[in-house]
Amino acid sequence: MKYQGNSEFTHSQVDKVGVLITNLGTPDAPQKKQLRAYLKEFLSDPRVVEVPRLIWWFILNLVILNIRPSRSAKAYKTVWTERGSPLMYHTQDQAIALRKTLQKHYGEHVIVEFAMRYGAPSVDSVIDSMLKQGVRKLVVLPLYPQYCASTTASTFDAVAASLGKKRWMPELQFITHYHDNPDYIQAVADKIRAHWQLNGQADKLIFSFHGIPKRYLLKGDPYHCECYKTSRLIAQNLGLDESQHFTSFQSRFGREEWLKPYTDSSLRQFAKDGIKSVQVVCPGFSADCLETIEEIAIENRDYFLEAGGQSYQYIEALNADTAHIDAMSQILKPYLSSMINKSEGINVPSVQSDLANRQQLAKALGAEN
Ligand SMILES: C=CC1=C(C)c2cc3[nH]c(cc4nc(cc5[nH]c(cc1n2)c(C)c5CCC(=O)O)C(CCC(=O)O)=C4C)c(C)c3C=C
Ligand SMILES: [Fe+2]
Ligand SMILES: [Fe+2]
């Protein structure tokens with residue numbers, strides 16, 4: 001049989017370490033057509049919608065994909081910018097800043113890229129490009145602080161599917177969560193403190209997390225616990241007592257019961273109970289997106305004010321703030337340290353010399369190269 005070689009690696013001087021940050025993904029444009037494609041891919045993922053496939057196929061294709069794309073397109077139009085979707089440009093900025101920080105610290109053999117679980121750039125295309133650049137050791141950091149099968153495990157599925165097509169897979173490390181990482185907690189707490197310095201402190205601080213169906217919690221998903229732990233650690237860092245903060249869940253989808261308390265009904269209730277001012281922060285979102293801007297900063301503000309509240313402020317996500325990039329570097333540190341010997345670059349022979357050896361071997365075995 002003809003020796004296939006590994007020509008895709010020949011241009012790399014030295015084996016590289018790859019850091020891949022990922023997020024959910026977003027439509028290519030705030031139009032019905034692009035929304036349909038995005039929602040079809042997203043909502044076809046069995047990690048996201050755990051309903052028997054045949055039943056779900058009919059509901060998705062005959063009902064949801066006929067109604068939701070135009071409704072969602074309208075919502076996306078309200079958050080779209082000259083740079084495109086906020087989730088996309090914040091993630092791009094995060095990758096650029098993280099690359100700069102990690103290369104300064106570890107050297108240029110560390111490559112940082114970002115990918116999206118749904119839509120573009122896909123996990124498969126980015127992993128492919130990283131391997132072609134000579135990445136032999138890969139750390140994947142999904143930017144979901146709290147583990148959830150629908151997000152984190154689904155990202156792993158995409159990584160595994162991509163590597164499943166490769167003959168020569170890299171060494172792989174996959175970070176499943178960082179909900180209690182001290183640098184992440186500190187970064188969120190400091191962002192809240194900075195907001196207080198400029199705007200004063202409201203009667204209540206609301207931690208709002210993306211919801212999931214209650215059924216997933218009952219099946220053993222740790223997401224709910226990790227959200228509460230994050231809230232408790234941030235509140236402790238800020239010195240808040242129980243009466244000064246509250247945790248709730250937003251962004252319901254479908255008819256079944258999701259994690260409670262719901263953010264929208266809680267805000268209405270607080271206003272009715274006489275709470276005049278609230279500040280809302282979403283520590284589960286590493287970047288501002290449709291769910292934080294349109295739903296929290298705009299829609300839920302109306303609910304609170306219409307129900308009698310007087311002041312409503314949204315505290316932005318960490319996005320590409322330096323404190324966030326530094327937290328990511330700290331989260332990655334133990335993984336990168338195990339892969340990198342700082343003084344010598346990476347602790348493995350270069351692919352180039354290895355390739356030469358294998359080519360010689362192939363020749364000796366009588367294979368064509
Ligand atoms: C942060 C963690 C997230 C979890 C957990 C999550 C679960 C989850 N989401 C849906 C359905 C939708 N989510 C949508 C948008 C969306 N979701 C997250 C994050 C989590 N989702 C983000 C960051 C975004 C915003 C993307 C953007 O482009 O800005 C949407 C699309 C928007 C819409 O049509 O409303 C849907 C649908 C389910 C069913 C689910 C858990 C099972
Ligand atoms: Fe979602
Ligand atoms: Fe939403």
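**Briefing: two domains, a ligand shell and helix packing**

His210 sits in strand E5, which spans residues 204–210. The model described here is predicted. Its domain assignment gives domain 1 (7–178 + 322–352) and domain 2 (182–315). Ligand 1 is surrounded by 22 residues, and the shell takes at least three residues from each of domain 1 and domain 2.

**Annotated positions**

- The UniProt annotation "binding site", from an unreviewed entry, covers His210 and Glu291.
- These two positions are spread over 82 residues of sequence, yet they cluster in space. The largest C-alpha distance is 8.1 Å.
- His210 belongs to strand E5. His210 is also among the closest residues to ligand 1.

**Around ligand 1**

- The closest residues of the shell are Thr26, Ser72, His210, Cys289 and Leu290.
- Three elements give two or more residues to this shell: helix H2 (53–79), helix H5 (149–163) and helix H10 (290–306).
- By class, the shell holds twelve nonpolar, eight polar and two charged residues.
- Domain 1 (7–178 + 322–352) and domain 2 (182–315) each supply at least three residues to the shell.

**Where the domains meet**

- The centres of domain 1 and domain 2, taken over C-alpha atoms, are 26 Å apart.
- Contact between the domains involves 27 residues of domain 1 and 22 residues of domain 2.
- On the domain 1 side, the elements that give two or more residues are H2, helix H3 (86–106), H5 and H11.
- H11 gives the largest share of that side, with six residues.
- That side of domain 1 has 14 nonpolar, eleven polar and two charged residues.

**Helices H6 and H11**

- Helix H6 covers residues 182–199, and helix H11 covers residues 322–339.
- Their axes are 8 Å apart, and the helices pack at an angle of about 170 degrees. H6 and H11 are therefore roughly antiparallel to each other.
- From H6, the contact uses Asp183, Tyr184, Ala187 and Asp190. From H11, it uses Ala323, His324, Asp326, Ala327, Gln330 and Ile331.
- This contact of H6 with H11 has five nonpolar, two polar and three charged residues.

**Helices H2 and H10**

- The axes of H2 and H10 come within 9 Å and cross at roughly 85 degrees. That angle makes H2 roughly perpendicular to H10.
- H2 brings Ala75, Tyr76, Thr78 and Val79 to the contact. H10 brings Leu290, Ile293, Glu294 and Ile298.
- By class, the H2 contact with H10 has six nonpolar, one polar and one charged residues.
- Leu290 of H10 meets H2 in this packing. Leu290 is also one of the closest residues to ligand 1.

**Backbone points to check**

- Most residues other than glycine have a negative phi, and most peptide bonds are trans. The next points depart from that pattern.
- The peptide bond from Ala120 to Pro121 is cis, with omega near -5 degrees. Pro121 is in the loop between strand E2 (110–116) and helix H4 (123–132).
- Lys260 and Pro261 are also joined by a cis peptide bond, with omega about 0 degrees. Pro261 falls in the loop between strand E6 (245–250) and helix H9 (263–272).
- Ser251 is not a glycine, yet it has a positive phi of about 60 degrees. Ser251 lies in the loop between E6 and H9.

Terms used
Residues are numbered from 1 along each chain as its sequence is written. Chains are lettered from A and ligands numbered from 1 in the order in which they are written. This is a predicted model: local features need pLDDT of at least 70, side-chain atom pairs count only at pLDDT 80 or more; totals for chains, interfaces and linings use all residues. Axes are lines fitted to C-alpha atoms, for helices over the stretch in contact, and angles run from 0 to 180 degrees between N-to-C directions. Helices (H or I, at least four residues) and strands (E, at least two) are DSSP runs, numbered from the N terminus. Angles under 35 degrees count as roughly parallel, over 145 as roughly antiparallel, 65 to 115 as roughly perpendicular and the rest as oblique. Two residues are in contact if their C-beta atoms, placed from the backbone, lie within 7 Å. Ala, Val, Leu, Ile, Met, Phe, Trp, Tyr, Cys and Pro count as nonpolar, Asp, Glu, Lys and Arg as charged, and the others, Gly among them, as polar. A residue is near a molecule or strand if its C-beta atom, placed from the backbone, lies within 6 Å of it. Domain bounds come from an automatic or database domain assignment. UniProt positions are given in the numbering used here, feature names are shortened, and annotations may be inferred rather than shown by experiment.
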